[in-house]
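User: I am new to reading protein models and would like to learn how to go from a picture to careful statements. Could we work through one together?

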Amino acid sequence: MSSLDLIIFSLFFFPFCALALSWLAGTDAPYVPTKMKNINKVLKFARVRKGKKFYELGSGDGRVVYEAASMGADAVGIEQSILRVWYSALKARNLNLPNTKFIHGNVFNKNYSDANIIYIYLLTKGVKKLEEKLTKELKKKTIIITQTYHFQKLKPYKKIGDFNFYRI
Ligand SMILES: C[S@@+](CC[C@H](N)C(=O)[O-])C[C@H]1O[C@@H](n2cnc3c(N)ncnc32)[C@H](O)[C@@H]1O
């Protein structure tokens, strides 16, 4: 292989690897989406509606954010995989949901003090760290929904199947 071949190969190979790794990204949980049939019921119970600020921490393909936005909320997803962020933002445009925003980054590097409702589907270690962070920074009456992996100190005011509901 000549050095020119090597340069051309590197120009394509490394960006491809970076994108492929981004699909697998998720330090606090792998990508496993919430089942569509549960989303509407859970968000309705949390009274997601116009005038509310909704965050999804680790937003995957954006499905929970779209549902919150279609119920009228100002809905934001934070996601580590740039591919999933691009996909979500594109789909939100196609669905004509201008009240959505997708941020590429780590959920621990953002402040959520303006939130009214937060949705979390991450593994135990990340959920535990978020419990500490969120109980310090959220305003009173903020609702948090966890799926499958739950807070350990706060007591849920409601449980529906795999979902727990907490109020600060
Ligand atoms: C179990 S999936 C849930 C996806 C989506 N919330 C849903 O319910 O359909 C977890 C998602 O969180 C993302 N994630 C994991 N750790 C993260 C972190 N520290 N910051 C941002 N996103 C993270 C993963 O990339 C993955 O897309």
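**Reading a predicted model step by step**

Analyst: Let us begin with one residue: Ile-168 is partly exposed, because 16 other C-beta atoms lie within 10 Å of its own, and a residue counts as buried only at 20 or more and as exposed at 12 or fewer. Please keep in mind throughout that this is a predicted model.

User: Where does Ile-168 sit, and which residues does Ile-168 touch?

Analyst: Ile-168 lies in the segment after strand 7, and, with residues up to four places away in sequence left out, Ile-168 touches Thr-135, Leu-138, Lys-140, Lys-141 and Thr-142. Distance in sequence and distance in space should be read separately: Ile-168 and Arg-49 are 119 residues apart in sequence, and their C-alpha atoms are 19 Å apart in space.

User: How many helices and strands does the protein have, and in what order do the elements run?

Analyst: The secondary structure comes to five helices and seven strands, and from the N terminus on the elements run α-α-β-α-β-α-β-β-α-β-β-β. For the overall dimensions, the C-alpha atoms fill a box of roughly 65 × 35 × 30 Å, taken along the principal axes, while 35% of the 168 residues count as buried.

User: How should I read the sheet, and which strands are at its edges?

Analyst: The order of strands in a sheet is read separately from their order in the sequence. Here an open sheet of seven strands has the order 3-2-1-4-5-7-6, with mixed pairing. The edge strands are strand 3 (100-104) and strand 6 (158-160), each of which pairs on one side only, and neighbouring strands of this sheet are turned by 15° against each other on average, direction ignored.

User: What does mixed pairing look like when I follow the strands one by one?

Analyst: Strand 1 and strand 4 run parallel and are joined by four bridges, with Ile-120 in strand 4 as the bridge partner of Leu-57. Strand 4 also pairs in the parallel sense with strand 5, over four bridges, and there Tyr-119 stands opposite Ile-145. Strand 5 (residues 143-147) and strand 7 (residues 163-167), in contrast, pair in the antiparallel sense over five bridges; in this pairing Ile-145 stands opposite Phe-165, and Arg-167 is the bridge partner of Ile-143. Finally, strand 6 and strand 7 run antiparallel with three bridges between them, and they form a hairpin with two residues between the strands, where Gly-161 in the turn has a positive phi of about 55°.

User: Are the two faces of strand 4 covered or open?

Analyst: Both faces of strand 4 are covered, for Ile-117 and Tyr-119 on one side and Ile-118 and Ile-120 on the other are all buried. Helix 5 (residues 124-137) lies across strand 1 (53-57), strand 4 (117-120) and strand 5, and runs at about 165° to strand 4.

User: Why do buried nonpolar residues deserve to be looked at as a group?

Analyst: In soluble globular proteins, nonpolar side chains tend to be buried together. In this model the largest nonpolar core has 36 residues, and those with the most contacts inside it include Phe-54, Tyr-55, Ala-68 and Ile-145. Helix 3 gives the most to this core, with five residues. To follow one member, Ile-145 is in contact with Val-42, Ala-46, Tyr-119, Ile-120, Phe-163 and Phe-165, leaving aside neighbours within four places in sequence.

User: How many residues of helix 3 are buried, and what do they pack against?

Analyst: Six of the eight residues of helix 3 are buried, so this helix is largely enclosed by the rest of the structure. The buried residues are Val-64, Val-65, Tyr-66, Glu-67, Ala-68 and Ala-69, and they pack against helix 2, strand 1, strand 2, helix 4 (82-94), strand 3 and strand 4. After helix 3 comes Gly-72, whose phi is positive, near 105°.

User: Which residues are closest to the ligand, and how is its shell made up?

Analyst: The ligand is surrounded by 24 residues, of which the closest are Gly-26, Asp-28, Thr-34, Gly-58 and Gly-60. The elements that give two or more residues to this shell are helix 3 (63-70) and strand 2 (74-79), and by class the shell has 10 nonpolar, nine polar and five charged residues.

Definitions and conventions
Residues numbered from 1 in each chain as written. Predicted model: local features only at pLDDT ≥ 70, side-chain atom pairs only at ≥ 80, totals over all residues. Pairing = 2+ DSSP bridges. Axes fitted to C-alpha atoms, helices over the stretch in contact; angles between N-to-C directions. Contact = placed C-beta atoms within 7 Å. Near = placed C-beta within 6 Å. Nonpolar A, V, L, I, M, F, W, Y, C, P; charged D, E, K, R; others polar. Core = buried A, V, L, I, M, F, W, Y, C linked by C-beta atoms within 7 Å.
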